[in-house]
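Here is a short tour of one helix and the aromatic residues around this fold. Have the model open and follow along.

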Amino acid sequence: MSPYGNGNLSVMPLQEFVLDGFGGGPQTQALLFTLFLVLYLVDVLGNLTMIVVITLDARLHSPMYFFLKNLSFLDLCYSSVIYPKALFDLMSSTKVITFAGCVTQFFFFSTMITTEGFLLAVMAYDRFMAICNPLLYPISMRPSVCALLMLGCYCGGSFNSILQASFTFSLPFCSSNHIDHFHCDVPPLLKLACADTTTNELVMFGLCGLVIVGTILVVLVSYGYITVTILRIRSGGGRHKLFSTCGSHITAVSLLYGTAFIMYAQPGALQSMEQGKVVSVFYTLVIPMLNPLIYSLRNKDVKDALWRLSQKHTAT
């Protein structure tokens with residue numbers, strides 16, 4: 001019997017779950033609602049702005065910004081899979097989600113966030129090719145290759161999500177249907193299982209560890225070569241520009257992989273759900289909100305494109 005199951009409860013087919021979310025009284029719930037709403041609106045506005053600017057400005061039609069636009073799309077999608085429902089639950093006395101709705105929410109959330117992990121590795125490889133092999137870059141990162149790399153990211157994300165969902169939702173759940181979280185995720189769902197979850201935990205740690213370690217290796221190797229190449233540049237201005245561009249990506253990688261490791265890729269991840277809720281807010285809302293700021297504030301091309309777009313809008 002799993003330590004996370006409730007041995008005194010009968011097994012029954014569940015039609016719905018209840019998302020317990022965050023504790024506290026009405027004032028706490030209202031405060032969290034206001035905070036999450038503001039962060040979510042900034043997230044949506046920032047990522048939509050990045051998508052629109054990159055789409056409309058022809059000077060940003062390059063592999064780097066193609067991947068950056070997809071990053072904004074993923075950030076927008078996986079936060080939107082969670083927070084409209086979470087905001088509604090904060091103001092509602094009933095926090096019910098159907099079994100099918102829980103499966104759907106988890107599948108799309110897991111797909112998008114895993115795809116983003118693969119995408120960050122592809123973006124590091126793109127910078128490696130641009131900086132270390134500039135003569136081959138137009139050929140090696142031509143549009144068809146970029147599209148295939150992006151498709152590979154989505155396929156990898158979908159594969160991970162299908163495996164995780166299959167193992168998790170095939171478990172028998174006890175009659176307690178209260179999920180100690182604000183969205184459907186593997187760790188809190190395993191606590192409701194009436195069967196041994198050792199295999200599920202190994203699958204979660206194994207898959208997440210493989211994705212995190214594999215993509216981090218790609219990032220580290222890419223930036224190792226990039227650092228050596230940049231240090232060989234004699235121009236201080238050129239060196240600063242390259243470090244600034246790469247710094248934005250390293251910041252985004254560190255934020256996502258760090259929180260994902262805390263949540264999924266260590267054995268203690270299942271023990272504290274309160275800690276898990278805080279970490280989840282950080283990587284499902286705060287990071288998607290910060291990414292457009294990280295890439296726009298430290299990127300002269302994006303700032304120039306924003307200025308040109310605003311000037312064009314003012315002129316009309």
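In this predicted model, the buried residues of H5 pack against helix H2 (63–90), helix H3 (99–132), helix H4 (137–140), helix H6 (186–190) and helix H7 (198–231). If you would like to pick them out on screen, the buried set begins with Val145, Cys146, Met150 and Cys153, continues through Gly156, Gly157, Asn160 and Ser161, and ends with Gln164, Ala165, Thr168 and Phe169. Helix H5 itself covers residues 143–169, which makes 27 residues. From first C-alpha to last, H5 reaches 38 Å, close to the 39 Å expected at 1.5 Å a residue.

Now for the aromatic rings. Searching the whole structure gives 14 aromatic pairs. One of them joins Phe17 and Phe173: the ring centres are 5.6 Å apart and the planes stand at 90 degrees, so this pair is edge-to-face. Phe17 belongs to strand E1 (residues 16–19), while Phe173 sits in the loop between H5 and strand E3 (178–179), so the pair ties together parts that are 156 residues apart in sequence.

Are these two partners buried or exposed? The table has the values.

| Residue | Relative accessible area | Class |
|---|---|---|
| Phe17 | 0% | buried |
| Phe173 | 4% | buried |

Both residues count as buried because their values fall under 20%.

The pair also has company: Phe17, Phe99, Phe106, Phe169 and Phe173 form one aromatic cluster. Phe169 is also among the buried residues of H5.

Finally, have a look at Phe22, where Lys277 lies over the face of the ring, at 6.0 Å from its centre.

How values were computed
Residues are numbered from 1 along each chain as its sequence is written. This is a predicted model: local features need pLDDT of at least 70, side-chain atom pairs count only at pLDDT 80 or more; totals for chains, interfaces and linings use all residues. Side-chain values use heavy atoms; hydrogens and water are left out. Helices (H or I, at least four residues) and strands (E, at least two) are DSSP runs, numbered from the N terminus. The expected span of a helix is 1.5 Å times one less than its number of residues. Buried means under 20% relative accessible area, exposed over 50%, partly exposed in between (1.4 Å probe, protein chains only). Contact means heavy atoms within 4.5 Å. Rings of Phe, Tyr and Trp (its six-membered ring) pair if their centres lie within 6.5 Å; planes under 30 degrees apart count as stacked, over 60 as edge-to-face and the rest as tilted. A charge sits over a ring if NZ of Lys or CZ of Arg is within 6 Å of the ring centre and within 35 degrees of the ring normal.
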